[in-house]
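Visitor: I am new to protein structures, and I keep wondering where the descriptive words come from. Could you walk me through one?

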Amino acid sequence: MDALEAVAAALWPRRLSSAVPWLMLLPAVVLTGLLVLGLWEMADGSFRTLDTATFLPSDDYSFANYHRAFTEKLFVTVASRSLIGSLIVTAATLVLAFPYSYVMVRTRSAALRKFLLIALFLPFFIGQVVRAYGWLIILGSQGMVNEALGLVGVAPIRLLYNYPAVLFGLVQYMLPFAVLMLAPALTAIPEEMESAAGSLGANWVRTFVHVVLPMAKPGFIGAGLVVLTLSLTDFAIPAILGGGSQDFIANAIYDQFFRTSDQGMGATLALLLVAVGSIMVGVVFALFGAGTLAMGRKP
Amino acid sequence: MTGWTKADFDLSRRRFLRGVGLAGAAGLTGLPLRAFAAEPDKPRELIVRAWGGSWVDSLKAGVSDPFTKLTGIAVRHDLTEDNEIQPKLWAAAAQKRVPPIHVNWDTTTNATKSALRGVTEDLSDLPNLKTVSEAAKPVGVDGYPIVNTYGYVYVLAYRPGAFPDGAPKSWKVLTDPKFKGRVAVYNDGIGLHFPAEIAGGGKLEDIPGNMQPAWDFFTALKANEPLMGEDPDFTTWFQKGEIDVACTISSNAREAKKNGIDIAWTVPEEGATYETDGLWVPKYLPENELYWAKQYVNFALTQEAQQVWLDGLGLPGVAPGLKPPADLVGDPSYPVKPEDYARLLRVSSKVEVEHESEWFGKFKEIMQG
Amino acid sequence: MKGDRSKAVTLWTFVVAALIMLSAPTLVVLGASFTAGNMITFPPEGLSLKWYAAIAGATDLRDAFLRSLIVASICTAVAIPTGTLAGIALAKYRVRFAAGVQVYLLLPFTVPLIGSGIGLMLIFGRWGVLGQLWPVGVAAAVINLPFMIWAVTASAAALDPDLELAAANCGAPPLSTFLAVTVPAVMPGIITGALLMFILALNEFLVSLLLVDARIVTLPVQIYNSIRSIITPDLAAISVVFIAVAAAAIALLDRLVGLDIFLKSK
């Protein structure tokens, strides 16, 4: 241990202590830097148009792809669909995740806590395709729900392959992440705070609104950001539950890279999506403060 | 190759000679480049990209397994989708890396894009090209950067229960309000553009100059709330009663039927899109692996290989003397005679390759609206 | 007490709704895997283990699963130190340009997976390291890293600056303080994060698709690619085996470290 300390002291002299946080951030910055390098490679392509006579990118640079991205109806449609969708999904997921997290953290039964925890992870293990198949069995035109409705005389309703179905699928997919992000924030709220509020005459609704929710704010911000960014960039759920007519931006990017072989256009859309996502994240941090996530730090 | 001892070589050679006896002369008409004794080192395995499910099973039975028997070279199949392996192959070529596969089984349209981009090896010296039909020759490119191996038809598949009076006669059934929400097409519209052009009141010769009839047809189709997906989706949707009619490749409809799904198919009065698939070899393979990859393609053109491979797919090949599988004799999705082909809609792959992006884009724009 | 009941009813309504939403498709698939028929249906058409027998004989599936385990292990091994250090740094120190750093570190979520996949394929291709499993593991770590960082940051609520100060005042050198005081304090976050990283890497598909080749294909990629014309119950059976293995792993973790240490309220 002493030897290790010596090495650490040599590598990490005290006078450099202001650099300590940056040194600790360095590995994460480098790892994430791989993505930046990748984006950089793609950025070059975004300024070149595809020549369909040779299927090579043009030699000269232009903003043609960017112009297309902002003017073509298809891209505007899918972009607004994914933006609005991700906001709805974020709100709905947080509403569902909070009670789940709360019960999971506050229950006195270790067995129940574990059950709730494991139920969170279950959906990950059936791949997207099989999961979609499962939903079809439950929600399809001849699925279990429609059969049940048929028993009470309701004609089959199309529950899948529309916009609500995509949002529903995204909420299901995001719920575990949101619960896991919220749980530590709730853990950090001492239970006595709630009982104190209760003994002062506040009913549970008021206690939630005035004590629990404000104190859990960092968790909500963290969970909200995860859900917002992941649903904004999701590809699989719109593809499998949208019936082909509910594409998000990531589906348009997929089409450019894989279907029409226009990698420059795909890169353009990807870079614009990164910009929009990062701006949204930046706005959230600006509104709520960058330190929101760092709950342990004393101001 | 280090792992090869003389005993191995003798063994594979013996196996080869035995294979000759089994497979007959056709398989042996290969080996164009060098005398047999000087053949290049055999790689341990070749990697061939293929579609999954019954597609790879047929290729394995008809081509890969006999090839292994003949040469002693194992064949591994990479089941990445043709669309999804394309950026991988293009990136490998751009970076002059050894590609992740030796042979790509690909649609002619996609393969032509790769050929135009210059990432394919020339296959003009394959001996079996002398025996195959004209259809093997790709259009709009020089020489043989790809070899077409068979054709297929985008048929109108339907659930017989929904059509008590017999098969639907026209593609217009897709826009019939009676089937609102119960029709399915590919999510990029592939296979549907040409029939749509005609069903929308246009002519095949108008393509690509005036596609307005097709766009009008798609607009009507959009109002009919179609489901859009890929082959497995169609099978699932037929199976679970979500749809009554779909535009799909005949092989997949046939495979669904074999698995007990109530499904039939037809070529409507407007005709149906006819396309081809082919094989090609990517650039930057080591020389010996390139040699054996080309041998694989050459072998896939033999009558024996094609008969088994394409029986599995139910598709007409390019080798001479192929017999249609019993269940497809007289089937419109298995053209044999010139008049069969006359019912099918074909556009030069050069035109297709140049305009496909634009057609997909327009289809998407209408359908995502 | 009436208030307590309405609270419980309200909370449990949401919890039950969430539970149904989370597990319904999984339960259906689980049941369907025991079908004697040739299609995924629920309830299954007769009971049999034939689809399990079918996958038991498939060595390619077993190999692919092992490779997925390796990828997940590499991902977790890379993510734990990287994410823990970054998480503690963000939680403990006032970092200049913190908002910018946060936006940067969230890039893995704001870049669409297809973009990440293509970009990493180009980078790893240029470096000539494709065709091996470790870049796939590293890629999985990159695209999920925010989970690891945030899990640690969130649990840093338990970090007590006074305790660290006390350790330092008692003459404990910085590294010892870090290992003996700081790291144990955020251990719940490390465990949550590591668990998430492992499970997500085990199931990673889209980025892996671009980084693997046929020799090193991972299980999710193999399953996705094997579907062409028809979906058969062997896929359901694979999912069930996958869940069983994962459940065993989670149970083991629970035995070793106790899963609810990071959830129990104080």
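Guide: Happily; we will take the model one topic at a time. Keep in mind that this is a predicted model.

Visitor: Let us begin with two helices of chain A: why are α9(A) and α10(A) called oblique to each other?

Guide: Helix α9 (residues 191-199) of chain A and helix α10 (residues 204-215) of chain A pack at an angle of about 140°. Angles over 145 degrees count as roughly antiparallel, and 65 to 115 as roughly perpendicular. The angle of about 140° falls in neither range, so α9(A) and α10(A) are oblique. Their axes are 10 Å apart, and their crossing is right-handed.

Visitor: Which residues make the contact between α9(A) and α10(A)?

Guide: From α9(A) come A:Met193, A:Glu194, A:Ala197 and A:Gly198, and from α10(A) come A:Thr207, A:Val211 and A:Val212.

Visitor: What makes the residues of that contact nonpolar, polar or charged?

Guide: The contact of α9(A) with α10(A) divides into four nonpolar, two polar and one charged. Met, Ala and Val count as nonpolar and Glu as charged, while Gly is among the polar ones.

Visitor: How many residues does each chain bring where chain B touches chain A?

Guide: The contact takes 28 residues from chain B and 28 residues from chain A. On the side of chain B, α13(B) gives the largest share, with ten residues. By class, that side of chain B has seven nonpolar, eleven polar and ten charged residues.

Visitor: How do you know that chain B has a domain 1 and a domain 2?

Guide: The bounds come from an automatic or database domain assignment. For chain B, this assignment gives domain 1 (6-151 + 276-326) and domain 2 (152-274 + 334-368). Their C-alpha centres lie 30 Å apart.

Visitor: What makes up the contact between these two domains of chain B?

Guide: Here 16 residues of domain 1 are in contact with 15 residues of domain 2. On the domain 1 side, α5 and β4 (147-158) of chain B are the elements that give two or more residues. The largest share of that side, four residues, comes from α5(B).

Visitor: Turning to chain C, what does its pattern of helices and strands look like?

Guide: Chain C has 13 helices and zero strands, so every element in its pattern along the sequence is an α.

Visitor: And what makes a residue of chain C count as buried?

Guide: A residue is buried if 20 or more other C-beta atoms lie within 10 Å of its own. Of the 266 residues of chain C, 53% count as buried.

Key
Residues numbered from 1 in each chain as written. Chains lettered and ligands numbered in written order. Predicted model: local features only at pLDDT ≥ 70, side-chain atom pairs only at ≥ 80, totals over all residues. Buried ≥ 20, exposed ≤ 12 C-beta atoms within 10 Å, placed from the backbone. Axes fitted to C-alpha atoms, helices over the stretch in contact; angles between N-to-C directions. Parallel < 35°, antiparallel > 145°, perpendicular 65-115°, else oblique. Left-handed = near helix turned anticlockwise from the far one by under 90°. Contact = placed C-beta atoms within 7 Å.
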